[in-house]
Amino acid sequence: MRRTPMDPELRASRAAEEKEKELTAWIPKTRLGKKVKAGEITSIEEIFKENTPVQEPEIIDILLNLEETVVDVKKTTRVVRAGRKFSFRVAVLVGNKNGVIGLGTAKDAEKWPAVKKAARKAKLNLVQIARSCGSWECTCSIQHSVPFRVSGKNAAARITLLPAPRGVGLVVGDNIKDVLRFAGVSDVWCKVTGATSTKLNFIRATIDALSKTTKMKASNAITKKMERR
Ligand SMILES: [Zn+2]
């Protein structure tokens, strides 16, 4: 199949139209889905607060404007009786650049269906992130960094993210810049240990660390108290 190059703006508006059509035609199956489609639930915060499991990615498409990017593609080979069988394992990252991210992985014999499946999974696997100015040296009160030091791990990958003042940027490996950008974090220092070549493990470890910004409520309160002093 040959694709003719299309103007990116036109392509984006076509994609938006397509999405709009899909969402209008969508018939929700879950109670949560019905409520969202009926406009009874209008924000993702309501879902996070109640901790309601989301089973339909359309719910997320209605509530959030997520960007997607493929962060990892692996071509795997399996030897079968008839010869070799290839498949793609794809990891897709989604995020609203405002405190919500998700990661999904999927496999398929072809790349594009694997990307679609992974994106659906990523939307059902969202993590909420708390941000803050976070740094002693910075008093801008814009939410640009992590609120306090957080660590995360996955397999052998370990990462610690530290609050940084505005303008520092993302002092992290290229592997995980997308994760922080998609989360809406623009300034952070980090420490990593483990095999830095395993990109996906580091992405997962970073998401694990970021997810602790909302889980560690007690230590958050302590940080606030210290800031007031
Ligand atoms: Zn600041």
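Q: Let's start with a pair I can click on: which residue in strand 3 is the bridge partner of Arg-89?
A: Strands of a sheet pair through backbone hydrogen bonds, either parallel or antiparallel. Here, Lys-107 in strand 3 is the bridge partner of Arg-89. Two strands count as paired if DSSP finds at least two bridges between them. Strands themselves are DSSP runs of E, at least two residues long, while helices are runs of H or I of at least four, and both are numbered from the N terminus.

Q: Before we go on, what kind of model is this, and how are its residues numbered?
A: It's a predicted model, where local features need pLDDT of at least 70, side-chain atom pairs count only at pLDDT 80 or more, and totals for chains, interfaces and linings use all residues. Residue numbers start from 1 along each chain as its sequence is written.

Q: What average pLDDT does the chain have, and where does pLDDT stay under 50?
A: pLDDT is the predictor's confidence in each residue, from 0 to 100. The chain averages 88, with 91% of the residues scoring at least 70. The stretch under 50 is residues 225-229, and the model has zero contacts for it beyond four places in sequence. A contact means two residues whose C-beta atoms, placed from the backbone, lie within 7 Å.

Q: Back to the strands: what order do strands 1 to 4 take in their sheet?
A: It's an open sheet of four strands in the order 1-2-3-4, with antiparallel pairing. Strand 1 and strand 4 each have a single partner strand, so one side of each is left without a neighbour in the sheet. From one strand to the next, the twist averages 15°. Angles run from 0 to 180 degrees between N-to-C directions, using axes that are lines fitted to C-alpha atoms, for helices over the stretch in contact.

Q: Which strands does helix 5 touch?
A: Helix 5 (residues 111-123) packs on that sheet and touches strand 1, strand 2, strand 3 and strand 4, its direction making about 145° with that of strand 3. Helix 6 (residues 174-183) lies across strand 1, strand 2 and strand 3, at about 40° to strand 2.

Q: How many bridges join strand 1 to strand 2?
A: There are 13, with the two strands running antiparallel. Arg-78 faces Lys-85 in strand 2, and Thr-76 has Ser-87 there as its bridge partner. The two strands make a hairpin with two residues between them.

Q: And how many bridges join strand 2 to strand 3?
A: Eight, again antiparallel. Their hairpin has four residues between the strands, and Lys-97 in it takes a positive phi near 60°. Further along the sheet, three bridges join strand 3 to strand 4, where Val-127 in strand 4 is the partner of Ile-101.

Q: What order do the strands of the other sheet take?
A: Here the order is 5-6-8-7, four strands in an open sheet with mixed pairing. Strand 5 (150-154) and strand 7 (170-171) are the edges, each pairing on one side only. Strand 5 and strand 6 (residues 157-163) run antiparallel, joined by five bridges, and Ser-151 stands opposite Thr-160. Helix 7 (residues 199-215) lies across strand 5, strand 6 and strand 8 (188-193), at about 145° to strand 5.

Q: Lys-215 is in helix 7; why does it count as partly exposed?
A: You count neighbours: 20 or more other C-beta atoms (placed from the backbone) within 10 Å of a residue's own means buried, 12 or fewer means exposed, and in between is partly exposed. Lys-215 is partly exposed because it has 13. In the whole chain, buried residues make up 31% of the 229 residues.

Q: Which domains is the chain divided into?
A: Domain 1 covers 8-128 and domain 2 covers 150-228, with bounds from an automatic or database domain assignment. Their centres, over C-alpha atoms, are 23 Å apart. Each contributes 14 residues to the contact. On the domain 1 side, the elements giving two or more residues are strand 1 (67-80), strand 2 (83-95), strand 3 (100-108) and strand 4 (126-128). Strand 1 gives the largest share, four residues.
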